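These notebook entries record what I looked up in one structure. I began with the ligand and then turned to the strands.

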Amino acid sequence: MLHSINPATEEILGEVETASKKSVNDAVKKAKSSFSGWASIDLSERALALTKFVSELRKTKKELSVLMTQEMGKPITEAEEEIDGACTEIEWFAKEGKKYLENEIVEIDVPQVKSYIAYEPLGVAGIITPWNFPLETPIWSIAPALLSGNTVVWKPSELVPLFSKEISNLLDTLLPVGVFNLIQGADSTGKSLVDSKVNMLSFTGSSETGKKIASRSGKKLKKIVMELGGSDPCIILKDADIEKTVDGTILGRFLNCGQCCTSAKRFYVEEEIAEEFTSRFVEKTKAMKIGNPLERDTKIGPMASKEQLELLERQVNESVKMGAKVLCGGVRQGSKGYYYLPTVMSDTNQKMPVISEETFGPVAPIVPVKNVKIAVKKANDTHYGLGASIWTKDKEKAEKISKQLRCGIVWINDVNVAYPQCPWGGIKESGIGRELSKYGILEFVNIKSVIVK
Ligand code: ADP
């Protein structure tokens, strides 16, 4: 049995059954037998099923957002925003994205030869997802997988089993039997899915787990798409609008209690404005309300699990031992729930865990730098390569800097925002392939060349 724990109260919310290896294989078999039927229906009908899913999400938004907050701790207003965001994204796949699945003529310079590209489904897509965005992250894979005609076996995170069950129930009522299959469990269930006869895997989670899945699926040369960890740098130039930058980066670091792959995790600030930026940042960090995530004015809820809290605590404490200073926060809050005060640090260096490792929690290390060149060097000094942000009034200069950043997404005067039209993903140990956009749809298809003479 898998227990769902409320991270704000540490109470057990409920339980679900863990899928055995046999039930994982049975789910895959079921998905395989439903494949040809689903793949052969009209693309517009599959798109319609997604549109109906959006209507159901909107109808049940209130209950779903409360459940999401209770199960993983994000403030209720953020849970509601996540459901709204997911609806917009699914609608984009259903209305705009579907054009990328239509046959594409290829002009060839040879008389009497015609050619086109057909985008065909791969079969069964195994989808493994984390807990930090219990709806948005899964639908970035589930929507394009279903739209392009694949059937799906979904293993959500063991931290959000009740929410995931609700989502699966909604999909079940809209789709033919066996097209969408939920299996619940932790790493061993995930491993069974990786080793099963799925035709491809989409994984979002830590780089460590990503590497394990890549090597297991590599044995059968199974296609994979992966969005993994990140340690996104945030480069602040001396001409930046300090108030706007503080507000934007506070949100960039502390949204979802700092538990986003693309949270701003390392702050490199040109030294001319570093002191002023830091003091405004600390002031606003201290003013954020931490507490019951179901209250509408709460900005910081609990971290999602005891393990995440202990990991963050270790990263901060070790960095302090190495000479870092805590400007605010740096400790747990209260005796019940996995609360950690939003934290700002100074005097850090590239070797300390709060810089060299991914910090999945509310900790902002601020590092003054002499110039942009040094900022870029430090920004790239990581095995991650997911996102980065640049803050300045000089957008042209920022666009030039963006070319030097070794990552998959660059925001200028913004951070951590997704648009369904824009590809999302990383390089280095932050992932393989892309989500969202045309590219995130094409991850789920066999790009078939048809040449006719
Ligand atoms: P996080 O630290 O964000 O929870 P993980 O990478 O540990 O990230 O987990 C992300 C997802 O991967 C979860 O659904 C988890 O159950 C699953 N998972 C963990 N270990 C494995 C594994 N070895 N094989 C397959 N799935 C796994």
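Entry 1, ligand. I counted a polar contact as a pair of N or O atoms within 3.5 Å. The model is predicted, and I read every distance below as a computed value from that model. With this cut-off I looked at Thr-209: an N or O atom of the Thr-209 side chain lies 2.8 Å from an oxygen atom of the ligand. The pair therefore qualifies as a polar contact, 2.8 Å being within 3.5 Å. I then checked Lys-155, where a side-chain N or O atom is 2.9 Å from a ligand oxygen. At Thr-129 the partner belongs to the backbone: a polar backbone atom of this residue stands 2.8 Å from an oxygen atom of the ligand. I also noted the cover, since the ligand taken alone exposes 550 Å² and the protein buries 85% of that.

Which residues come nearest to the ligand? I found 18 residues around it, with Thr-129, Lys-155, Glu-158, Ser-206 and Thr-209 coming nearest.

Entry 2, strand β11. I asked next whether the residues of β11 are buried or exposed, and how many. Strand β11 spans residues 264-270, and 7 of its 7 residues are buried. I followed its pairing on to β10 (residues 232-236), which runs parallel to β11 and is joined to it by 5 bridges. Within this pair I located Ile-235, whose bridge partner in β11 is Tyr-268. I traced the chain through helix α9 (residues 242-254) as well: β10, α9 and β11 form a β-α-β unit, and the unit is right-handed.

I then examined the pairing of β11 with β14 (residues 363-369), where 4 bridges join the two strands in parallel. Here Phe-267 has Ile-366 of β14 as its bridge partner.

Entry 3, antiparallel sheet. I looked up an open sheet of 3 strands and read its order as β3-β4-β18, with antiparallel pairing. Why is one side of β3 and of β18 left without a neighbour in the sheet? Both β3 (104-106) and β18 (445-452) stand at the edges and have a single partner strand each, so one side of each remains without a neighbour there. I recorded the twist too: neighbouring strands of this sheet are turned by 30° against each other on average, direction ignored.

For the pair of β3 with β4 (residues 114-121), I noted 3 bridges in the antiparallel sense. One bridge I located by residue: Glu-104 has Ile-117 in β4 as its partner.

How values were computed. Residues numbered from 1 in each chain as written. Predicted model: local features only at pLDDT ≥ 70, side-chain atom pairs only at ≥ 80, totals over all residues. Heavy atoms only, no water. Buried < 20%, exposed > 50% of the residue type's maximum accessible area, 1.4 Å probe, protein only. Pairing = 2+ DSSP bridges. Right-handed = clockwise from strand over helix to strand, strands pointing away. Axes fitted to C-alpha atoms, helices over the stretch in contact; angles between N-to-C directions. Near = heavy atom within 4 Å. Polar contact = N/O pair within 3.5 Å; in protein donor to acceptor, adjacent residues only side chain to side chain. Areas by Shrake-Rupley, 256 points an atom, 1.4 Å probe, with all protein chains shown as cover.
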